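Me: Can you walk me through this one? I'm new to reading structures.
Reply: Sure, here it is.

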Amino acid sequence: MSECEVTTEPSAIALRMQQIKHKLVVLSGKGGVGKSTVAANLARSMSAKGFKVGLLDADIHGPSIPTLFNLADSTAKQFGNELIPLEADDIKLMSSGFLIADPDQAVIVRGPMKNKLLGQMLGDVDWGELDYLIIDCPPGTGDEPLAICQHIDLPDGAIVVTTPQEVAAADVRKSIQFCRKLDLPILGIIQNMSQFSCPKCGEPIYLFGKDGGRRICEKFNLAFLGDIPIDPAVGVSGDAGECFLKKHADSTTAQAFQSAVEQIDMALKRQHPTDEGECDSCCSGCSSSETCPTHA
Ligand code: ADP
């Protein structure tokens, strides 16, 4: 379906992925919980901290990333066999939305074609050296997250996004089982739309219930990566393709995204104790200042 006719050998994907330090998939059990919004804001927050970041929109049928970065009318350029990622806010971006000229055109592909297209978006894209590649998967446990995990030969970890209510939390359990079946480490759960602050008195209003995401973490022994409050400005910025974090830097929600990135970083350090966070100043064998018994 893609207007870019390119072919990908599995080794091409492996070569690209070797240049990327952390490959992280963002999953959700349900649509509409804010997964793409969270993925985009995590990427922007990481980029603002000075990391080299890429964001792959693996939601082939419903790509949101072009809109969230105000690039809905853009298409990716191709040089030889290589696709050039688009760039916004210093983030390298690729999406099925950049591979078709008309943004209103439906992408009609199924199983094997989807697999191939995702392989192209991993292996044929000039991602270069990155600290993080964030992969925004469509909701559920279907073809796309499975194909991504197989193509990459397991990402470093999954970030599962949910909202607090039980109906969303029930589907998160399926995402957890999906990760466990594939041996994909779960870095933790982000609870989006956790509360709304009353504009008059500032009191929290729990529109979608309270703490469903936290309860799942307790039940499945997972890290809780943070609460992201409801903030109407998130939706406004998202629709306009603007950077919410820059425009509303002092908001509680912007700080919540930043804190989630710190939690992700800590979860990665717990997983890879020999990475940069290694504490070599005090003792051997401790993983970082967060977990080091001397520096804790
Ligand atoms: P998903 O990727 O899970 O389908 P989206 O990221 O597309 O969900 O978000 C669905 C809608 O919810 C969008 O309109 C988005 O702007 C809005 N949204 C997401 N998170 C928040 C939030 N924390 N506060 C306000 N609106 C939000």
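Me: Which strands does α2 lie across?
Reply: α2 lies across β1, β2 (53–57), β6 (91–95), β7 (130–136), β8, β9 (186–192) and β12. Its direction is at about 170 degrees to that of β7. Two residues are in contact if their C-beta atoms, placed from the backbone, lie within 7 Å. Axes are lines fitted to C-alpha atoms, for helices over the stretch in contact, and angles run from 0 to 180 degrees between N-to-C directions.

Me: What do I need to know about the model and the labels?
Reply: This is a predicted model: local features need pLDDT of at least 70, side-chain atom pairs count only at pLDDT 80 or more, and totals for chains, interfaces and linings use all residues. Residues are numbered from 1 along each chain as its sequence is written. Helices (H or I, at least four residues) and strands (E, at least two) are DSSP runs, numbered from the N terminus.

Me: Which strands does α10 touch?
Reply: Helix α10 (residues 252–271) packs on the sheet and touches β1, β8, β9 and β12. Its direction makes about 175 degrees with that of β12.

Me: What's the strand order in the sheet?
Reply: The order is β5-β6-β2-β7-β1-β8-β9-β12. This is an open sheet of 8 strands with mixed pairing. Two strands pair if DSSP finds at least two bridges between them. β5 (86–88) and β12 (224–228) are the edge strands, each pairing on one side only.

Me: How many bridges join β1 to β8?
Reply: 5 bridges join β1 (residues 20–28) to β8 (residues 157–162), and the two run parallel. Leu27 stands opposite Val160 in β8.

Me: New topic. Which residues come nearest the ligand?
Reply: Gly34, Lys35, Ser36, Thr37 and Gly235 come nearest, out of 17 around the ligand. Near means a C-beta atom, placed from the backbone, within 6 Å.

Me: Which helices supply that shell?
Reply: α2 (35–48) and α8 (232–240) each supply at least two residues. The shell divides into 5 nonpolar, 10 polar and 2 charged residues. Ala, Val, Leu, Ile, Met, Phe, Trp, Tyr, Cys and Pro count as nonpolar, Asp, Glu, Lys and Arg as charged, and the others, Gly among them, as polar.

Me: And Gly111, buried or exposed?
Reply: Gly111 counts as exposed because 10 C-beta neighbours lie inside 10 Å. The cut-offs, with C-beta atoms placed from the backbone: buried is 20 or more others within 10 Å, exposed 12 or fewer, partly exposed in between. Gly111 is in helix α4 (residues 111–123).
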